[in-house]
Structure formats: C-alpha cells, structure tokens
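Biologist: I'd like to learn how to read a structure with several chains. Could you walk me through this one?

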Amino acid sequence: MMDFGFSLSKSSTMDLGKVDDLRFEQLCRLEPGAGICIGCGSCSASCPAGRLSGMSVRKVLLALQRGRSAGEMLQCCMLCGKCTMVCPRGINTRNLILSICKIYD
Amino acid sequence: MTERFATGFHPFVLPFLAGMAFVLAVCAVKAAVVVGQLDKADRKKWLLSLIHPNLIIKNAVDIVLDCLIHVKLWKRNRILGLMHSSIAFGWFMIILLGHLEVLVYFPGKLATFYYPIFFDYFVEGGQHTVISKAMDAFLLLVIAGIALAVVKRFWSRLFGMKRTARPTLFNLLGLYSLWAIFPLRLVAEQCARAGNLTVAPWWAYSIALCTFMAVLPFTRYLHIPAEMLLITMRNAGVGITRPHKGMARVQADSCPNCGVCIDACPMNADTANLKNSTVYLTRQLRRGNEPRVREISDKCMLCGKCTSVCQVGVDGPKLRILARAARKYRITPDFSRISSDGYDTYWASGKILYFSGCMSQLTPNIGRSVESILRKSGVRYEWMDRDGGLCCGRPLHTAGRLKEAAALRKKNEEIIRKSGAHTLLVSCPICYREFSESYDLGSTKVAFYSEYFRKMMDKGLFTLEKGDTCYVYHDPCELGRGCGIYDSPRALIGKAAAIAEAPKNRAESVCCGGSLGSLSLDFEHREKITRASLENLYASKADAIATACPLCLATFARYADRPVKDLAQIIDEQIIM
Amino acid sequence: MNGNIVIIGGGIAGMEAAKALLALGHTPILVEASKELGGHVASWHKLFPDMSSAKDIIDRLRADVRGANAFLGTKVISFNRLADGYSLKLSNGIVVNASAVLVSTGFRLFDATRKEEYGYGVYDHVITNSDLEAWFSGKEDPRVPENVGTVGFVHCVGSRDLKACNGQCSKVCCATAIKQAIEIKERFPYAKVYCFYMDLRLFGKKYEDFYVNAQRDYGIQFIRGRVSEVGETIDGGLQVKAEDTLSGKPLKVRLDLLVLMSGIVRNDSIRELSEMAGLETDSDGFLRSVDNEYSVVESNRPGIFFAGSCTGPKTVPETIAEARSAALSIHTYLSGE
C-alpha cells in the first residue's frame, strides 16, 4: 500500500440499512416488551448496578435496536427488579435482560 | 380349612406374578438410579439413616401416617382423605392380613407369593377365621373408597375441587384397572366360597392386578413406591441439588397428580396459567419435556403455596429454581467491577445495621418509619443502604443464577462483617429470606423488623396506642411460607389497631402478584392475580390493608380501593411518646 | 317531549354549554356535585399560553349562566330511560324528566400518593400541580419554602404510566409545567428550575413560543429523563434521581421543592354514571364517544351528549369549543324531533 501521509477514518454514521434486524426480532419474540421502550431512563436511574458500574438497560436496548452490541454492560446486572417496577410501559425488563443474555454475546 | 388342590397352582396366577416381577424390577432399577444420582455426601447420609434406630422409627411412622392414613390430606379435605385412606390403608391391611393368614395356616406356601392374593380359590373354608373376617371388612372399606373415587372422577366439585389435573391415557388405564381389582376380588371370592370354582373371575382379577402393576411405573401411581423413598430421603436430610436427578426425580415421581396445587396456585386467577401448576411440572419432568419444563419453571412466582398444600411435600419452587439453573447464558454476570469499598465508612460497631433493600427505595415510607421507630425507642443504628446498596442476591438466586448470587452475597457479607454491627435489621422479606438462609455473617445476627420490633415492644422500648382503623394483614410469601413468620406482625398490628383476617391467610395467603420469583410473567398478566389477592383481603371487611413487604405494598397500592400500609408505618403512627 | 335539558357537571364545559343553550332559547338545569360552579379551572391561578386569569373566565361564566337552574351540592342518583327521554333522580329528592342530557363531569387529578417513590405525603417539600396553583392563588402552604433555590417539576405523574393504571398522555401537563415554572421564576427570579420530561408535547397554538420563552427568558432547564425516585437529604432537602438520557448518564440533584404534575384520570363518578345510563366506556376508562374523530360529543345513547374531559384529557379552549358544539348538537337534536 502506498502511504499518502494520511488515513481515512471509519465513518461514525450509523447506516440503518446495514443493521441486521434478525437477532433483534428474535429478542422481540422472547420478550415482546423489547419493542415498546420509550427511552425515558427510569430503569437506568433506579438501577443499583448502574450507580456503581454505569450499566443502563435503556442504552443496551437502544444499542441492540441499532444493531450494535452492548451485552457486556449487563454483566453487572443483579436482577433486582427495580427497573421492572418503575418501567412506565410495563416492560418485563428482567426477562428482557435474561433474554439478551441468552441470545447475544 | 383345607387346601383344595395338591398342586396349589393355576395358570391364572401368572399375570399377577409377571406384573409383580415387572413392577418390583422397575422400581428397584429406578431406586438404584436415583440413589446413584445423589451427591456422594447425601448418599452416605441416606444409607446411614436406614440403619439409624431413631430414623427407622420416624420413617415407619411417617410412611404409615402419610402413605397409608394420608393425615395431611385429611386436614386439607376430609372427603379426599377418607377416600385415599380407605383405599391405601384398606389395601395395605388386606395384603398384610393375607400374608398373616398364609403364615398362620399354610406357612409353607408363603414363598409362592400368590397364595395370599388368591387364597379363597386354593383354600376351602378359609372364610371363617377372624383374619378372614377382618379382610372382608377391609375389602368393603376399599370398595367404598373406590366408589368415592368414581364420584370424584366425574363430579370433582362435590369434593370441593374446582379443578383437577387432566389424566393421561396411561393414568386412565391405571385408574380403571385399580378400580376393577377390588370388585373382581369380591366376586371371585364369593363364588369360590359358594363352591363355584369357575376360574373366569380369578383370571379377570389377576389380569386387572397385572395391568395395574404393568402401567404403574409410567403413571402417577408410581407415587406409591416413590413417596416411601422420598420420606426416607427427606428424613435423612437429603436436599434437591440437581435439576432433574436424585432427590428432584424422587419428588417428581412422588407427585400423585391429585391436583390440589391447581386450585391453590395464585397464578390460576388467570386461567391461561392452569397448565403451569406444579402438578404439570412434575409430569413434564418425568416425561423429560424440556421446553415445557422451562416454560413452567420461568412463569411461576415461587410463592410456595403449592408446597404448603402438597400432600407429599413436592418442593415446587426449588424444582423450578434448579430447572432455571440448568439454563445456559452467553452473557454471565461479573461483579468484580462493583466495589464493596465505599461502605466501610459505615461505623456500625455495637449498633444495629439496617438494610432496607432495593425495593424499599421505591417505597420511602418503610425506611422512614423504621428510622423513626428506632429513634423514638432510643436504639442506635446505621442505615447501610440509605443511598442505595447492593442487591441481597435473592433475585439472582431465584432466577437460577446460583453462582452469581453467591458472588453477590460475598460482597454483602464483606460489608456487613466489616461493620461490626450486632444485628442486621431487615425490612424486606425477600432480602430477609436470603440473609437468613444463605448468608454467613459471623457474629452479626439477622433479624426481621417485625420480630425485632416485637421484642422491643415487649421490653417496653415503645408503647403503642390502639387506633380505630381495622387492618387486614397480608402474609408476604417469602415471610410466611418462606420463613415461617406469621405471628409477630399480627402481634404488633393488634396492639396498634383492630385486626381482621382474610379467609385465606397465613400459609394459605394468596401471592400479591408482584413477585420477583417469576421470570416470564409480564405486567399485563399480573393484574388479575393482584386483583384476586385483593378480593381475598377485601373479604375481611377491613378498612385498610397491612403488609410487611415493599413489593406487596407497591403492588397492592396500584389497584387497591383502600389504603395499603407497611407494618412499620402503622407502628410509627401509633407510638406514644 | 318537554324540552328539558340536564347538564351533569358545572365546570367550564357545563357552564359554557349552559350559556350557549340559554342563548339558543333553552333553560338548562345544571347539576353540580360540589358547592359551587367552576370545577378545576376555578382552583387554577393562570392559564397557558397567554397567562390569562382563570378567575376572570370563571367569573364571566358564572355571570353568564345565572339564567339556568343550578342545583349545587347535588348528584344524580338514578337514571331511567323514558319513551322520549330520561328521568333523572337527584340527591336532593327532585326528579327531572329530561329530553336531553349533557354529561360534562370532567376529570380527576391523579392521586400522587399512589406513586410513593416520589414521596408525596412522605417528604416535606413535595407538592402537586394543584397544590402549587392554590399557593399561587394565595393559599398558605408550609411545604413551599420561603426561599426557593432549586425547584424540580416532574412531568407525567400518573400519566403514560401503566404502573399508575393510566397509559394515556394527559395532554396539558407539559404546558402547565412550563407555565408553573415561569410563575415560579417570576416569584423567585434566582431559583434554578428543572423540568424532568419523557417527551415534551407542546402541540397547541403558541405553545412552542411558550417553551422558547421559558428557555430563553427564564433559563428553565429541561432534562429528558423520567424521575425514578426521590430521597431526602440530611438537611431536609430533596434528592431526585433520574437518567439524563441525552447525555446517557445517571443524574441526581438536590432540590428545595418538587412539583409533581399529576395527570388527568377519569372521574370516579363516570363508572356509576355509565352503569346507570348505559353509557359505554373506552379502553382508556373515559366515556366513549360515537367516534373519536367526527362525533366526539355524541354518546351511544340517543339524547345523551358529552362535553369536556369526561371523554379524555382536554385543554381549556378544546373544552370550551366542545361545549359549544355539544350545545348546538342538543339544540339540533331537540328541534329535529
């Protein structure tokens, strides 16, 4: 390769056309609530693990929806259920988290 | 009394003998397999228990009371108890006395195995002895029991059962052959005694016995031998450690499919959950139907009511937790990133350390009332998780993530041990159960707030003024059935207010529907369960609902038509300064 | 057919409809459960977006409906179908035969104690939108400190929240929060004011200007994150936890006063009324119109009409417009027969 003295940085734009939806659809089958999040952040705000590790169910779900991985963030989840209690949309976040842990790396 | 035939044999005994040999062989193999599946220490414990004199007596007494007399069933439902003990005890006595009869009069024939069963065919004039008369009485008792069984099979509501388990084909075959055995025996015996030695009824009797024994290992009737094994294992202290094997398998096999758990299950307020009762879990466990086992296990709220009503003591929640534990996840928790430092500032040496738990962050009344009570009583305390803390580990534990739960417990243990507190005061039953069952906190004692406050009240640290409100106390699952605490909350409320009881209370309490035990039950489907639980409380005609669990509190408050308060709040409101 | 018209509920919907019916030559009978006409608006201080005085509107309406028969402190206790109308028995013993009935029973504000995590009734400085309006109108409230340094407004308390048994948007709270935040800033110019929202729904005429105004002229900060729990600090202040979803970080802030925007939920009397009169309720719990596009003021029963928030959350101008529309529908209905 010729060195022109500069390099091209990878585009930081998300191309939704290239997002693989299949795994997210599988997630929606395991937990239908995955599709109805309004991103209010209640789950993250009340999360005891989030306070200590920065974990956020909202962020994980959004990332997965956009075809990015974020599974390692769930490693600190204690399954305490507070997020399920506060979710205004009634999403079963515990089942959501366990389902993500099953099908994503 | 004389023997009719020198040979003492007729081919009609062959079906019986074949069935008998088959069932004994299968049971022996099954027993050997499950014993082989036990953990080494458990196996040793069990084998030793079989020669321990006290345990031998205990086993014998338990087997007679549970398997023959069905004492627990009597307590639950008298007519079902009558039916089961007539059949089981009656049959047992017929077998016992039959052998005694042969032993007394023809001891040489005892080794034939079939002589006691077909006695009247082979022996003439045997019906006049006391033993024979007693056997006739027991046969009539069994037949009366069978008559009840027939009624129950078709009109179970007459027996107070709204729903019963749906029988499988094999179960039906077993059932009808069992029903046939005793009337056929009666007919055959009466014919023989009247001098009519036609072999047809004897053939039918033998074939019915053979059919019953041949299908037994594949039907719910396996519970008859399995329960005996279960009793010995339970008395030996063997626990469930593997999801489908060892003690879990014995429990699954011991389920008589009576279906008592179906009516008891709070989830069945929504009929969509009928198929998720414990009776179906044991059935699917036996069949090895993994997808259904998973589904049933994940749905359950682990309230423990099925176990509290179960006649043989099948531990539904434990079986499910282990089934969940067998699940494979690609992402596994790693709590090493969560630090347990930051807490060592809590200088609670010589004081109470109060742990309110995650859920109580959402029900601030509880923590504030607990603080207020402690302050008013002059008790020194520190609040460990005032600004939030680590989870106790119970939710991970019930989700079957056992290793991870242990890791989390370790973090909490470090914090609590470091604090030097003499008592860990807990106001959440979910946390309390985990702390008292699975933690090792060294010299720090764990106390649930109702127990501790009651002691404080008895010591005179605070006095309560009786108010006008009438409360009905809801027993939280983890506290009542989980930890056996029923009286202290009632004692405290009784001093602070009038108290009423719901029709289903204490060990029969109906889960609020908010349980963290369920993994897959979604919000939408919990409402019916909560409303059914509230109806039970409303029936007490109380003005307000009291409970001692943040989760029950938040769940009830969502739909209740009257105030819902935590125990601590009620006490705090009625303390006289 | 006697031409009697009974209006159930004497809030702005009922009063405006009565006024319009009077103008059309009818003499309606107003039945109001409380001791005076005016409903929720009577207890409000100012209205968005023009900050006009609620009292002025109520005073004008009260004067305008003087010609109608009004039964105050009265409820409908039974409702019977007649051949050409309805027979209503009132709690004061009077029986009225009506050819047409207008239901304008309005709404109820969500009981904020049901969201225990927000600490209403638990902590000293948590109030609701209606408490704040009363305070604006001059009512003493020990929960409002003398000097307010930081104030938080929580949007969507009991709205868009299945856990509060109300999944619907209450429509008016976003604008109300902005209005109240501005009023707070007018009284405490140095206060820091935060609005915690999930989505800002500022759909009405000039509402967006109102929003810009709040940001630019009053420095009110809008934080996109729903408050999940409220704690108390040692000095008696409040600690609010939310996620600042736009920066993706958990956030906490110490406040002197927290205002909960209690949402609009159906009035409890709707259930009794719907049972007595055979009216249908919609999946949101409010009364069901024939449809939600063209015939909002018409019920499933002939001669029974709706106006205002008995069919769902409405703004003041929407309610007024609906009341006039219902009055005209009743007039047409009565002249058609």
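**Reading the chains step by step**

Modeller: Sure, and keep in mind that this is a predicted model. Let's begin with chain C, which has seven helices and 20 strands.

Biologist: How compact is chain C?

Modeller: For that we set the radius of gyration beside a rule for globules. Chain C comes out at 21 Å, close to the 20 Å that the globule rule gives for 337 residues, so it is as compact as a globular protein of that length. Its C-alpha atoms fill a box of roughly 65 × 35 × 35 Å along the principal axes. As for burial, 50% of the 337 residues of chain C count as buried.

Biologist: And what does chain B look like?

Modeller: Chain B has 26 helices and 12 strands. The box for its C-alpha atoms is roughly 90 × 50 × 45 Å, and 49% of its 577 residues are buried. You can also ask how far apart in sequence the contacting residues sit. Among contacts in chain B with a separation of 6 or more, 75% join residues 24 or more positions apart.

Biologist: How do I read a single strand? Which way do the residues of strand E3 of chain B point?

Modeller: Start with the general idea: side chains in a regular strand alternate between the two faces of the sheet. Now look at E3(B), residues 352-355: B:Ile352 and B:Tyr354 point one way, B:Leu353 and B:Phe355 the other, and all are buried.

Biologist: Which strands does E3(B) pair with?

Modeller: Look for bridges. Three of them join E3(B) to E4(B), residues 381-383, and these strands run parallel. Here B:Leu353 stands opposite B:Glu382. Four bridges join E3(B) to E5(B), residues 423-426, also in parallel, and B:Phe355 has B:Val426 as its bridge partner.

Biologist: What unit do E3(B) and E4(B) make with helix H17 of chain B?

Modeller: Together with H17(B), residues 364-376, the two strands make a right-handed β-α-β unit.

Biologist: Now a helix, please. Is helix H16 of chain B enclosed or exposed?

Modeller: Count its buried residues. Eight of the 10 residues of H16(B), residues 316-325, are buried, so this helix is largely enclosed by the rest of the structure. Among the buried ones are B:Leu319, B:Ile321 and B:Leu322, and B:Arg320 and B:Arg324 are buried too. The helices of chain B that the buried residues pack against include H11 (247-254), H13 (278-287) and H14 (290-299).

Biologist: Which residues touch the most other members of the largest nonpolar core?

Modeller: That core has 190 residues, and B:Leu353, B:Val426, B:Tyr471 and B:Ile493 touch the most other members. Helix H9 of chain B, residues 200-215, gives the most to it, with eight residues. Apart from that core lies another of 103 residues, among them C:Phe48, C:Tyr197, C:Ile223 and C:Ile320. Back to B:Val426: leaving aside neighbours within four places in sequence, its contacts include B:Phe355, B:Cys431 and B:Phe448.

Biologist: Last one: how many residues of chain A are in contact with chain B?

Modeller: For an interface, count each side and then sort by class. Here 28 residues of chain A contact 28 residues of chain B. The chain A side has 14 nonpolar, nine polar and five charged residues. The contact between chains C and B takes nine residues from chain C and 11 from chain B. On the chain C side, that's three nonpolar, one polar and five charged.

Note on methods
Residues are numbered from 1 along each chain as its sequence is written. Chains are lettered from A and ligands numbered from 1 in the order in which they are written. This is a predicted model: local features need pLDDT of at least 70, side-chain atom pairs count only at pLDDT 80 or more; totals for chains, interfaces and linings use all residues. Two residues are in contact if their C-beta atoms, placed from the backbone, lie within 7 Å. Ala, Val, Leu, Ile, Met, Phe, Trp, Tyr, Cys and Pro count as nonpolar, Asp, Glu, Lys and Arg as charged, and the others, Gly among them, as polar. The radius of gyration is taken over C-alpha atoms; the globule rule is 2.2 Å times the number of residues to the power 0.38. A residue is buried if 20 or more other C-beta atoms lie within 10 Å of its own, exposed if 12 or fewer, and partly exposed in between; C-beta atoms are placed from the backbone. Two strands pair if DSSP finds at least two bridges between them. A crossover is right-handed if, with the strands pointing away from the viewer, the path from the first strand over the helix to the second runs clockwise. A nonpolar core is a set of buried Ala, Val, Leu, Ile, Met, Phe, Trp, Tyr and Cys residues joined through C-beta atoms within 7 Å.
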